[in-house]
Amino acid sequence: MRLYHVAAAALLVALSVRSGASTPAGSTWQVGIYESELAVLGGGASVVGAPDASDRAVGDLGGEASGRQAVILTNSGDSLSFVVQPADAGANAVVIRFSIPDAPNGGGQSGMLGLSITDSGGGAVLATTLNLTSRYAWLYGGVLDNVKLYNVPANAITYGISGEPILPTHLYDEIQIKLNVPLQAGYTLTLTKTATNAASSITIDFIELEAVPPPLPEPAGFLSITDPSCGAIALDTNGTGLVFDGSDDSAYGSMFNAVIGINPHNVASGQTMEKDYYSTAPQDVLQDDMPNSVAGGLSMFQLADHNFQSLSTCIALAASGGAYSGVWIPPGRFYVRGLLPLS
């Protein structure tokens, strides 16, 4: 099983497929990467990982980070700041790669990260709080288990190879926010651990500043996947109507925490491509097997299958030699479960 999350990004298959919030073919998407270990640190913020980038330890916050270093915020008020460089002037979106500790028994916990932006004169441009979760990050397993990883440590012990060390991996996740105004050179972005915080620490690997272009218009002669003849359904749990709404994409459905391993809730099935953990937490309103009004009355699995069929139908219609030149994906979050043929 392969899971795809199309968030208004270009999807190219054998025939022309265009997306509503992407850049034209052959153009570039402006991205500036700011490593946390090069930021200005405040409070008790500190760098983790070896200075010579020699840290390669599995499950280590430094070893798992880009550049093998990251910055950890432990106390309330700990912070790191980045100054926007001229090359990134005009960026209107921020992506933050972060890690917060897992819950003791797995399943994740929450944390809060303050994001503030000031102009070159120190004037306030933006102040907001980002809600983080580790529910979709930490996995556990042994090296000899190959691809069998679990998001509950006890399951790795129960179903893994006997005697194998249970190592954590996939420590980091990302969250993004679309800004109302573009950034200018000399602006300062500051990330701060808030006082009201369930997470004992927040680790920042890097931030990306992106210049997200406006949605492209639907090309003439293209068939939209939301056309009634196809019927794809975009998912918008926050009800904002926005593709970039400051949400953690992975929080849009527990099914997308796709852990490879035997499902302990259905061990007899022997399926090694099933999830090993099915959340029943109230905050996970989009359960794999529970219909949801926000998902058109479908469960998440059903929605992903429905959208896969919708996309497949659109591609077949456009390739049938009729009136359509290609397939159009409008702005939105479309969950798809399946592997499209490329020829």
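1. Five strands of this predicted model form an open sheet in the order 4-7-14-9-10, with antiparallel pairing. Strands here are DSSP runs of E of at least two residues, and helices are runs of H or I of at least four residues, both numbered from the N terminus; two strands pair if DSSP finds at least two bridges between them. At the edges lie strand 4 (40-42) and strand 10 (124-133), each of which pairs on one side only. On average, neighbouring strands of this sheet are turned by 20° against each other, direction ignored, the angle being taken between N-to-C directions of lines fitted to C-alpha atoms, on a range from 0 to 180 degrees.

2. Edge strand 4 is joined to strand 7 (residues 79-83) by 3 bridges in the antiparallel sense. Within this pairing, Leu 41 stands opposite Leu 80 of strand 7.

3. The basis of the model should be kept in mind. As a predicted model, it requires pLDDT of at least 70 for local features and 80 or more for side-chain atom pairs, whereas totals for chains, interfaces and linings use all residues. Residues are numbered from 1 along each chain as its sequence is written, and side-chain values use heavy atoms, with hydrogens and water left out.

4. The protein chain contains 2 helices and 18 strands. Of its 343 residues, 47% count as buried, that is, under 20% relative accessible area with a 1.4 Å probe, protein chains only. Among contacts (heavy atoms within 4.5 Å) with a separation of 6 or more, 75% involve residues 24 or more positions apart.

5. Strand 8 (residues 93-99) merits attention: 7 of its 7 residues are buried, so the strand is largely enclosed by the rest of the structure. Ala 93, Val 95, Arg 97 and Ser 99 point one way, while Val 94, Ile 96 and Phe 98 point the other way.

6. Strand 8 has two antiparallel partners described here: strand 13 (residues 173-178), over 6 bridges, and strand 15 (residues 202-210), over 7 bridges. Ala 93 stands opposite Lys 178 in strand 13, and Phe 98 has Ile 204 of strand 15 as its bridge partner.

7. The whole structure holds 1 disulfide, defined as a pair of cysteine sulfur atoms within 2.5 Å. Cys 230 and Cys 314 form it, with their sulfur atoms 1.9 Å apart. The pair links distant parts of the chain, 84 residues apart: Cys 230 lies in the loop between strand 16 (222-224) and helix 2 (300-318), and Cys 314 in helix 2. The torsion about the S-S bond is about 115°, so the disulfide is right-handed. Both Cys 230 and Cys 314 are buried.

Technical notes: Buried means under 20% relative accessible area, exposed over 50%, partly exposed in between (1.4 Å probe, protein chains only).
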